[in-house]
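Colleague: Hello! I am new to this one and would be glad of a guided tour. Could you show it to me first?

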Amino acid sequence: MPSRLEESLERDIERIRQEVLQMSAIAERSLRDCVRALVEANRQMAYAVILRDQAIDEKEKAIDRLCLDFLVRQQPVGSHLRFAYSTIKINLELERVGDYGESVARQLLRLEKLPDPPESLKKWIVEMADLAIPMLHDAIEAFVRLDAELAKKAMKSEPAVDALQRKYNSDLIELVRAQAIPPEGMAPLMTIGRRFERVADQARNVCMEVLYMCTGEYAKHPGAETFRILFVGEHNACRSLMAEAIATSLGEPKFLFSSAGLDPRPITPATLDFMKEKGFDLARVAPKYIYEVPNLEHFQVVVGVAREAQEAFPRTPRKMVYLDWRVDDPSEVEGPPEKVRAAYDATFEFLSSHVRDLVEAVLGNDVDQRALDFPGEPR
């Protein structure tokens, strides 16, 4: 027969579980209502999602208080302590999911003034939602039932969501280029796709917490051992590509470098010739938008090589570092060949010096990669 202490312990745990279930149900409903608001062009439903976020925030505070009270009153150890620790982290993940729902609803309201998005884009969003939302549901079910196998099964859906988002982004960019969607519609539509992809990421994080709670072993985030650096230029046609090529040539296995632009344009012949002379063949490189960078949210450092880049990152997420390396674009220099060549040499030397110093600083300081993982995107 259980003691009063054991009964009190189980009663507190059950109450916390029920609160998490309720919070998850509200978050799931908000996400599904976002999909309906998109498909049905339902403004009222979008407003309801925005207002409902307050209820999710209140639930987060309530669960936090319950967990803290549980720790103080019960002084749990072992699996019960892991339960409290994991619940606190899962609580944060669910609050972010609520934020994503609110963000999608706000983007839908922005789209009201624009032509209705093509059905092909809506289809991608619905497919992403139909994977991400059940994934979140299963992750919470695994938490409530202490089911490690269900958590592992739920995590398998995340790569499919990532693949759908890449297809969605590719279609969206092509539609903008074909003028089937006005340029001002790109940002809200990109954000909507990214938010649903992030729901799957948060569901994966919940699954990881469930595995820790069940086994006592903490699963690392995939790729946590890799330090990611993104170089951002205006057109991703000269400076940012130079920086990426220089950084990649260092051959550091612990680093992943990429580059992107705010308004990608073809690489100029002068840039191709200069970089080929330096030993870098960019002939088959395709400049890309920031939104086309895979796993953008996992980059620990963003380096802006143009003034415009900082405008794209006005408020950086917590634990993400933004570095301002603005330098003149040699591809825009006009004049005799000697003047143009001097501009390219100066930019190349500037970027080479800074890239080497940054990489050596990371290696020399033995930066903890996990400490710099994005905790989530800002609203």
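Modeller: With pleasure. Helices are DSSP runs of H or I with at least four residues, and they are numbered from the N terminus. Please keep in mind that this is a predicted model.

Colleague: Thanks! In which helix does Lys339 lie?

Modeller: Helix H11 covers residues 337-365. Lys339 falls in that stretch, and the helix that holds Lys339 is H11.

Colleague: Is Lys339 buried, partly exposed or exposed?

Modeller: Buried means under 20% relative accessible area and exposed means over 50%, with partly exposed in between. The relative accessibility of Lys339 is 48%, so Lys339 counts as partly exposed.

Colleague: Leaving aside neighbours within four places in sequence, which residues is Lys339 in contact with? And what separates Lys339 from Leu114 in space?

Modeller: Once neighbours within four places in sequence are set aside, Lys339 is in contact with Val333 and Glu334. Leu114 is 225 residues away from Lys339 along the chain. Between the C-alpha atoms of Lys339 and Leu114 the separation is 46 Å.

Colleague: Let me step back to the whole chain. How many helices and strands does the chain have, and what does its C-alpha trace span?

Modeller: In this chain there are eleven helices and four strands. Taken along the principal axes, the C-alpha trace spans about 90 × 50 × 30 Å.

Colleague: What percentage of the residues count as buried? And what percentage of the contacts with a separation of 6 or more come from residues 24 or more positions apart?

Modeller: The chain has 379 residues, and 53% of them count as buried. Among contacts with a separation of 6 or more, the share from residues 24 or more positions apart is 78%.

Colleague: Now a single helix, please. Which residues of H5 are buried, and which are exposed on the other side?

Modeller: H5 runs over residues 148-155, and its buried residues include Ala148, Leu150, Ala151 and Ala154. These cover an arc of only 160 degrees around the axis, so they are on the same side of H5. On the other side, the exposed residues are Glu149 and Lys153.

Colleague: Which helices do the buried residues of H5 pack against?

Modeller: Three helices take part here. The buried residues of H5 pack against H4 (119-145), H6 (158-177) and H7 (186-215).

Colleague: Which side chain reaches the backbone nitrogen of Glu149 at the start of H5?

Modeller: The backbone nitrogen of Glu149 has a side-chain oxygen within 3.1 Å. That oxygen belongs to Asp147.

Colleague: Are H4 and H5 roughly parallel or roughly antiparallel?

Modeller: The axes of H4 and H5 come within 8 Å and cross at roughly 165 degrees. Angles over 145 degrees count as roughly antiparallel. The crossing is left-handed, and residues that meet there include Met135 and Ala139 in H4 with Leu150 and Ala151 in H5. With that crossing angle of roughly 165 degrees, H4 is therefore roughly antiparallel to H5.

Colleague: And are H4 and H7 roughly parallel or roughly antiparallel?

Modeller: H4 and H7 pack at an angle of about 20 degrees, their axes 9 Å apart. An angle under 35 degrees counts as roughly parallel. H4 passes H7 in a left-handed crossing, where Leu121 and Phe143 of H4 are among the residues that meet H7 residues, including Leu189 and Met213. From the angle of about 20 degrees, it follows that H4 and H7 are roughly parallel.

Colleague: Arg204 is found in H7 too. Is Arg204 buried or exposed, and which side chain does Arg204 join in a polar contact of 3.1 Å?

Modeller: The relative accessibility of Arg204 is 5%, so Arg204 counts as buried. Its side chain has a polar contact of 3.1 Å, and the partner is the side chain of Asn205.

Colleague: One last stop, the loops. What is phi of Gln75, and what is phi of Asn236?

Modeller: Most residues other than glycine have a negative phi. Gln75, in the loop between H2 and H3, counts as exposed because its relative accessibility is 62%. Asn236, in the loop between S1 and H8, is at 1% and so counts as buried. Neither is a glycine, yet both have a positive phi: about 45 degrees for Gln75 and near 55 degrees for Asn236.

Key. Residues numbered from 1 in each chain as written. Predicted model: local features only at pLDDT ≥ 70, side-chain atom pairs only at ≥ 80, totals over all residues. Heavy atoms only, no water. Buried < 20%, exposed > 50% of the residue type's maximum accessible area, 1.4 Å probe, protein only. Helix = DSSP H or I, 4+ residues; strand = E, 2+ residues; numbered from the N terminus. Arc of directions from axis to C-beta. Contact = heavy atoms within 4.5 Å. Polar contact = N/O pair within 3.5 Å; in protein donor to acceptor, adjacent residues only side chain to side chain. Axes fitted to C-alpha atoms, helices over the stretch in contact; angles between N-to-C directions. Parallel < 35°, antiparallel > 145°, perpendicular 65-115°, else oblique. Left-handed = near helix turned anticlockwise from the far one by under 90°.
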